[in-house]
Amino acid sequence: MTDQAVLDELQEALDEAFQGRDRVAMREVYARVSAHVHIPADMLAHLNEVPEGSYSREEMAEAINDVIRRRGEQDSLGLLSIPRQRPVEETAAAERAVADDTPLESLNPPQNPPDDGQAPEFREPGA
């Protein structure tokens, strides 16, 4: 199997793992990928180097690409394509919000907390 075919198979396995979900635990991704018989053991070893945790589809692809780069295999193996970030309206969380009559604005919290004048004062240590 060519390196590109392996990456394509890995992309397909990742798509299956994340289908309908925004975040997936690394162990679930590994289980899904290992179920694909055309993905060789050395590619599964790449997944072993990804830290445990919950990932979005984009974060998972970038974490796997980081492993490939760390190993210096980006020229020979290639990199996974990073899917475009979807607008919040297209996510599973948005579908749940609509079903629950939750305003979509609640899915986009403000980037900066409101300035209410209650910021803590900075003091030098020992002062």
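Select E49 to begin: in this predicted model, E49 is partly exposed, with a relative accessible area of 32%. Then add R70, whose side chain meets that of E49 in a salt bridge with an N to O distance of 3.9 Å. This pair ties together distant parts of the chain, since E49 sits in the loop between α3 (41–48) and β2 (54–55) while R70 belongs to helix α4 (residues 57–70), 21 residues apart. R70 itself is exposed, at a relative accessible area of 56%.

**Along helix α4**

Stay on α4 and select R69 together with D66, whose side chains form a salt bridge with 3.0 Å from N to O. The two residues are three apart in helix α4, and therefore R69 and D66 are separated by about one helical turn. R69 is partly exposed at 36% relative accessible area, and D66 is likewise placed in the partly exposed class, at 33% relative accessibility. Which residues are joined into one network by salt bridges that share partners? To see them, select E49, R70, R71 and E73, which such shared salt bridges connect into one network.

**A salt bridge at E28**

Move next to E28 and R21, which form a salt bridge in which the closest N and O atoms lie 2.8 Å apart. Colouring by accessibility, you would find E28 partly exposed, with a relative accessible area of 34%, and R21 also counted as partly exposed, at 37%. The count of salt bridges comes to nine.

**The loop that holds H36**

Now select H36, which is found in the loop between α2 (26–34) and α3. Is H36 buried or exposed? With a relative accessible area of 10%, H36 is buried, because the cut-off for that class is under 20%. Showing side chains here brings up E9, which is joined to the side chain of H36 by a polar contact of 2.6 Å. If neighbours within four places in sequence are left aside, the residues in contact with H36 are E9, E12, A13 and E16.

**The nonpolar core**

From there, turn to the largest nonpolar core, which has 25 residues, and select those with the most contacts inside it, namely L10, L14, V29, V33, V50, M60 and I64. Helices α1 (3–18), α2, α3 and α4 each supply at least two residues of this core, and the largest share, seven residues, comes from α1. For a closer view, centre on V29, which, leaving aside its neighbours within four places in sequence, is in contact with L14, A17, F18, V24 and M60.

**The two faces of α3**

Select α3 next and mark its buried residues, which are M43, L44, H46 and L47. Looking down the axis of α3, you will find that its buried residues fall within an arc of 145°, so they line one face of the helix. These buried residues of α3 pack against α1, α2 and α4, and showing those helices beside α3 displays the arrangement. Which exposed residues does the face of α3 turned away from its buried side carry? Rotate the view to that face and select A41 and N48, the exposed residues found there.

**Strand β1**

Go on to A25, a residue of strand β1 (residues 24–25). A25 counts as buried, at 14% relative accessibility. Its contacts, when neighbours within four places in sequence are set aside, are with G53 and S54. A distance drawn from the C-alpha of A25 to the C-alpha of S56 reads 9.0 Å, although A25 and S56 are 31 residues apart in sequence.

**The whole chain**

Finally, clear the selection and display the protein chain as a cartoon, in which there are five helices and two strands. Followed from the N terminus on, the elements of the protein chain run α-β-α-α-β-α-α. Of the 127 residues in the protein chain, buried residues make up 32%. If you switch to a surface display, the accessible surface of the protein chain comes to about 8600 Å², of which 49% belongs to carbon and sulfur atoms. Among contacts in the protein chain between residues at least 6 apart in sequence, 53% join residues that are at least 24 apart.

Methods:
Residues are numbered from 1 along each chain as its sequence is written. This is a predicted model: local features need pLDDT of at least 70, side-chain atom pairs count only at pLDDT 80 or more; totals for chains, interfaces and linings use all residues. Side-chain values use heavy atoms; hydrogens and water are left out. A salt bridge is a side-chain nitrogen of Lys or Arg within 4 Å of a carboxyl oxygen of Asp or Glu. Buried means under 20% relative accessible area, exposed over 50%, partly exposed in between (1.4 Å probe, protein chains only). Helices (H or I, at least four residues) and strands (E, at least two) are DSSP runs, numbered from the N terminus. A polar contact is a pair of N or O atoms within 3.5 Å; within protein, one must be able to donate a hydrogen and the other to accept it, and residues adjacent in sequence count only if both atoms are side-chain atoms. Contact means heavy atoms within 4.5 Å. A nonpolar core is a set of buried Ala, Val, Leu, Ile, Met, Phe, Trp, Tyr and Cys residues joined through side-chain atoms within 4.5 Å. Accessible areas come from the Shrake-Rupley method with a 1.4 Å probe; for residues, only the protein chains shown count as cover. The arc is that of the directions from the helix axis to the C-beta atoms.
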